[in-house]
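Hi,

Here is the structure I promised to pass on. Have a look at it first, and my notes on what turned up are underneath.

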Amino acid sequence: MFKSRKSLLIMALAALAVVAYIQPAFADRLADAISATPKGAEAGQINTELAPGFLGIPGGPSVNLVIGFVWAIWVGWIFSTVGAFGGIMAGVGHITIYGFGNYASTFKKTSPVMNKLVTDSIRVSNQWLVGTSAAMSSFNYYKMGRLVLPLGLSLAAGSIAGSYLVPWLTAGKVSLKAYIGFFGLFVLALGCYLFYETTPKGQAGKKQAKEAAKAFEASIKDEKEGAKVDTAAMGVKVVSFAPTKCIFTFYGVEFSFNPLIPVVGGFIIAALASFLGVGGGFLLVPFLTSVAGLPMYLVAGTSALAVLVGMTTSVFTYMVVKDTPVFWPLIGVELLGILVGSFIGPRTSKYIPDVWLKRLFVVLALYVGIRYSSKGFLGYSLLPPF
């Protein structure tokens with residue numbers, strides 16, 4: 001039906017435009033929040049004499065769309081490279097760079113309804129970006145033979161319930177202060193875990209993953225030296241599948257897992273991710289490397305598939321079931337940046353040693369975790385910008 005990928009991309013953008021056009025149908029919750037917020041020129045009030053900004057609210061933050069596009073390229077690249085950090089980086093952009101966090105905090109005392117609506121909008125906006133990157137990354141990694149389809153689908157099956165229940169239970173009930181604090185603690189804990197994984201003790205007991213990674217890196221080296229290497233042909237091949245055991249190979253190395261375990265893991269990870277407004281890749285990566293024993297070269301694609309299903313469910317629940325609005329002019333530009341970053345990521349990740357990516361993440365995770373947890377629970381940031 002479609003003659004090229006370009007046609008598919010045009011159709012996707014057209015669908016997005018239609019969704020943007022019908023967005024006012026979901027605007028009741030926003031209208032109620034604006035109505036409940038006091039009017040005036042003071043902090044915590046809506047100044048009706050100012051131009052519309054974020055969410056079309058008079059006096060709301062105005063966003064530089066060029067910055068939004070560039071930041072989204074970074075978000076798409078980092079997520080499609082390792083299958084994690086996309087939602088966290090999207091959250092940093094929405095909370096800090098665009099100033100939505102400070103804007104929401106001004107309504108803490110004057111209009112709790114508006115405070116929680118902006119918080120929910122940040123959460124679902126993060127997930128729009130991660131979900132889009134996950135869709136493109138899943139497709140690219142599957143073509144490259146670097147996606148374990150049965151494992152990704154098992155995680156995705158468990159994620160559906162978690163992604164629906166948490167938005168349904170918490171939308172409109174989480175204040176910005178609590179959200180930022182938990183967001184920071186989540187990142188900090190995972191940063192510590194990633195640091196542990198770079199140590200000799202953390203690397204021990206991963207013989208199969210090391211063997212497969214070594215074979216993959218050797219083929220990439222041969223390819224760089226001019227040899228013709230069909231890397232996709234040596235990629236993931238499912239040998240057998242049963243309800244309690246799945247066996248597959250990657251570059252001749254055999255792996256196996258019990259599909260029931262990722263179903264349970266997918267539910268728990270998706271529930272946490274939906275609460276935090278992130279993709280969940282930062283939990284999926286430790287799960288896939290430690291529990292399933294996969295090399296990092298398989299983690300990004302498999303994680304992306306699980307994230308895609310979870311994000312689709314969570315975004316639907318936030319926007320359709322709970323009428324949470326998003327700022328479409330920004331989201332539209334960000335999605336274009338996400339597509340660019342997600343196209344580049346799978347093509348550059350094979351040239352970057354895993355250990356250096358993990359070390360970079362440790363530094364970023366510690367910075368983001370300390371800054372946001374201190375700001376959320378102490379009321380001020382221990383790290384710049386203060």
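**Helix 10 and its surroundings**

The buried residues of helix 10 are covered by, among others, strand 2 (245–250), strand 3 (253–257) and helix 13. Before going further: this is a predicted model.

The buried residues in question are Ala-209, Ala-212, Ala-213, Phe-216, Ser-219 and Ile-220. They take up an arc of only 125° around the axis, so they sit on the same side of helix 10. Turn to the other side of helix 10 and you find Lys-207, Lys-214 and Lys-221 exposed. That fits the general picture: with 3.6 residues a turn in an α-helix, residues three or four places apart point the same way.

The length of helix 10 checks out too: its 18 residues should span 26 Å at 1.5 Å a residue, and the end C-alpha atoms are indeed 26 Å apart. After helix 10 comes Gly-226, with a positive phi near 105°.

**Aromatic pairs**

There are 12 aromatic pairs in the structure. Take Phe-54 and Phe-327: their ring centres are 5.8 Å apart and the planes are at 75°, so this pair is edge-to-face. Phe-54 is in the loop between helix 2 (28–36) and helix 3 (65–82), while Phe-327 is in the loop between helix 13 and helix 14 (328–348), so the pair ties together parts 273 residues apart in sequence. Both rings belong to buried residues, with a relative accessible area of 2% for Phe-54 and 16% for Phe-327.

Back on helix 10, Phe-216 pairs with Tyr-297 in a tilted arrangement, 4.4 Å centre to centre with 35° between the planes. This one also links distant parts of the chain, since Phe-216 is in helix 10 (residues 207–224) and Tyr-297 is in helix 13, 81 residues apart. Phe-216 is buried at 2% relative accessibility, and Tyr-297 is buried at 3%.

Two more for your list. Phe-54 and Phe-327 join Tyr-98 and Phe-100 in one aromatic cluster. Separately, the charged end of Arg-347 sits over the ring of Phe-343, 4.0 Å from its centre.

**The core**

The largest nonpolar core has 85 residues, and those touching the most other members are Ile-88, Met-89, Met-114, Trp-128, Phe-282, Leu-294 and Val-368. Helix 13 (residues 296–321) gives the largest share of this core, 11 residues. If you want one residue to click on, try Leu-294: leaving aside residues up to four places away in sequence, its contacts include Ala-209, Phe-248, Phe-255 and Val-299.

Cheers

Conventions
Residues are numbered from 1 along each chain as its sequence is written. This is a predicted model: local features need pLDDT of at least 70, side-chain atom pairs count only at pLDDT 80 or more; totals for chains, interfaces and linings use all residues. Side-chain values use heavy atoms; hydrogens and water are left out. A nonpolar core is a set of buried Ala, Val, Leu, Ile, Met, Phe, Trp, Tyr and Cys residues joined through side-chain atoms within 4.5 Å. Buried means under 20% relative accessible area, exposed over 50%, partly exposed in between (1.4 Å probe, protein chains only). Helices (H or I, at least four residues) and strands (E, at least two) are DSSP runs, numbered from the N terminus. Contact means heavy atoms within 4.5 Å. Rings of Phe, Tyr and Trp (its six-membered ring) pair if their centres lie within 6.5 Å; planes under 30 degrees apart count as stacked, over 60 as edge-to-face and the rest as tilted. A charge sits over a ring if NZ of Lys or CZ of Arg is within 6 Å of the ring centre and within 35 degrees of the ring normal. The expected span of a helix is 1.5 Å times one less than its number of residues. The arc is that of the directions from the helix axis to the C-beta atoms.
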